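Good morning, and thank you for coming. I shall speak about two helix pairs and then about enclosed spaces.

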Amino acid sequence: MAVRKLSLPMGVEVAELFGEYDRKAKFIQKKLDVRISIIGDEIWIKGEDGTGIDIAGKIVDELVQMNRDGHLVEWREFEYIVDQHLQHDEDGESFKGVYNEVKETALLSNRIRPKTIGQKNYMEIMKDKELVFSIGPAGTGKTYLAVAMAVDFLKSGKVQRIILTRPAVEAGEKLGYLPGTLLDKVDPYLRPLYDALMEMIPAEKLAYYRESSIIEVVPLAYMRGRTLNNSFIILDEAQNSTYQQMKMFLTRIGFGSRVVVTGDITQIDLPRDSGSGLVVVQKVLGSISTVGFSYLTEQDVVRNPLVKDIIKAYDEYEREEKVEE
C-alpha cells in the first residue's frame with residue numbers, strides 16, 4: 001500500500017479543513033478509494049492506486065492553501081474542486097488547482113472573486129472585450145459578476161455611469177391594471193438588479209447615484225432612441241428580448257462604453273411565435289473580434305447544490321422529449 005504524507009501547517013485546524021465529522025475527507029476517500037488519517041501534524045493518504053493518492057494529495061494541498069488564506073470553502077465549492085481535479089487528471093492536462101486558477105481575478109478591492117474556472121474566464125472576457133454575451137443557467141453568477149464589473153469600472157473612472165436593463169415580458173395587458181407608472185409596474189422585474197447593487201454599494205451612496213442618474217435601472221423599452229456614451233450597460237434576462245429589441249439595444253452603444261448581455265436560452269418566456277434575440281445574436285455577431293461569448297454550465301452554479309441537480313434533471317428531460325418528438 002502506497003502512502004503520501006503532507007505536513008499540516010501551523011494554525012490550520014482539521015475541523016476547518018475537512019468540515020464537521022470530517023465530511024470532506026470522507027468524500028475524497030469515497031471518490032478516490034483512499035484512506036486519509038491525521039497522525040500528529042501530518043496528513044497521511046494511503047491507497048492501492050498511486051494516481052488516486054496523487055489526486056487526493058493535490059486536493060488536500062488546495063484546501064490547506066485556501067484555509068491558510070482565510071478562504072472558507074463551502075460544500076458546493078469543495079465538490080467543484082474535486083470534480084475539476086478528477087476531470088483534468090483524466091484529460092492528462094497540467095492543472096494547478098481551481099484556487100490558483102481564479103485567485104488573481106478579483107473585483108471591488110478583492111471582495112468579489114470567481115468561484116469556478118468558467119466564472120474566471122467570464123470575468124477576463126469582460127475586462128478584454130467591448131461587448132460580451134454571457135449565456136448559462138440560473139445560479140452561475142452571470143448577472144452578479146456583470147454588476148460587480150460595472151461597479152468596478154465606475155469606481156476606477158473607466159466609465160461615468162452604469163445602466164442596467166431588462167425586458168419586461170409581462171409589460172402588456174396584465175401589468176396595465178396595476179397602479180402607477182410603467183416604471184412602477186415593471187419594478188418587480190428589475191428587483192434582482194437592485195439586489196446585486198445593494199450588496200456592492202452602501203445604501204446612501206446608491207441612492208445618490210440613482211438620484212444623479214449615475215446608475216439607472218430601467219426596462220428595455222426605455223432604451224429606444226438613446227445613445228449611451230462612457231457607460232457600462234448590462235442587459236439582463238436577454239433571452240426574453242426579441243430579435244428587434246436586441247438589434248435596437250445593441251445599436252444604442254456609444255463611444256467609451258462597455259456592454260454585457262446575460263441570459264439563459266433554456267428559459268425563454270416569449271410567446272412561441274416570437275424568436276429570442278439572444279439565440280439569433282450568436283449567429284449574427286459570432287465572427288466579430290471585439291465581441292466575446294462566455295458560456296457557463298451547471299458546473300458553474302454557485303447556489304444551493306440542489307439548483308445544479310435541478311438544471312441537470314431538466315436538461316435530461318428536455319433531451320428525451322426532443323427525441324420522442
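Contact here means heavy atoms within 4.5 Å. Helices are DSSP runs (H or I, at least four residues), numbered from the N terminus. This is a predicted model, in which local features need pLDDT of at least 70, side-chain atom pairs count only at pLDDT 80 or more, and totals for chains, interfaces and linings use all residues. Residues are numbered from 1 along each chain as its sequence is written, and side-chain values use heavy atoms, with hydrogens and water left out.

Let me begin with α6 and α7. In this pair, Gln 119, Tyr 122, Met 123, Met 126 and Lys 127 of α6 meet Lys 142, Leu 145, Ala 146 and Met 149 of α7. Six of these contact residues are nonpolar, one is polar and two are charged; Ala, Val, Leu, Ile, Met, Phe, Trp, Tyr, Cys and Pro count as nonpolar, Asp, Glu, Lys and Arg as charged, and the others, Gly among them, as polar. Helix α6 covers residues 117-128 and helix α7 residues 142-155, and they pack at about 40 degrees with axes 11 Å apart. Axes are lines fitted to C-alpha atoms over the stretch in contact, and angles run from 0 to 180 degrees between N-to-C directions. The two helices are therefore oblique to each other, a term for angles outside the ranges under 35 degrees (roughly parallel), over 145 (roughly antiparallel) and 65 to 115 (roughly perpendicular).

The second pair is α11, residues 243-250, and α12, residues 277-285, which pack at about 60 degrees with axes 8 Å apart. That makes α11 oblique to α12. Tyr 243, Met 246 and Leu 250 of α11 make the contact with Gly 277, Leu 278, Val 280, Val 281 and Leu 285 of α12. By class, this contact has seven nonpolar residues, one polar and no charged.

I turn now to the enclosed spaces. How many cavities of 30 Å³ or more does the structure hold? There are two; a cavity is a set of points on a 1 Å grid over the protein atoms alone where a 1.4 Å probe fits but cannot get out, and lining residues have an atom within 4 Å of a point. The largest has a volume of about 50 Å³, meaning the space filled by probe spheres set on the points, which are joined across faces, edges and corners. Its lining includes Glu 74, Arg 76 and Tyr 80, and divides into three nonpolar, two polar and four charged residues. The second largest cavity holds about 40 Å³, and among its lining residues are His 71, Tyr 99 and Pro 114.

How values were computed. On a 1 Å grid over the protein atoms alone, a cavity is a set of points where a 1.4 Å probe fits but cannot get out, and a pocket is an open set with protein on both sides within 12 Å along at least five of seven lines; lining residues have an atom within 4 Å of a point.
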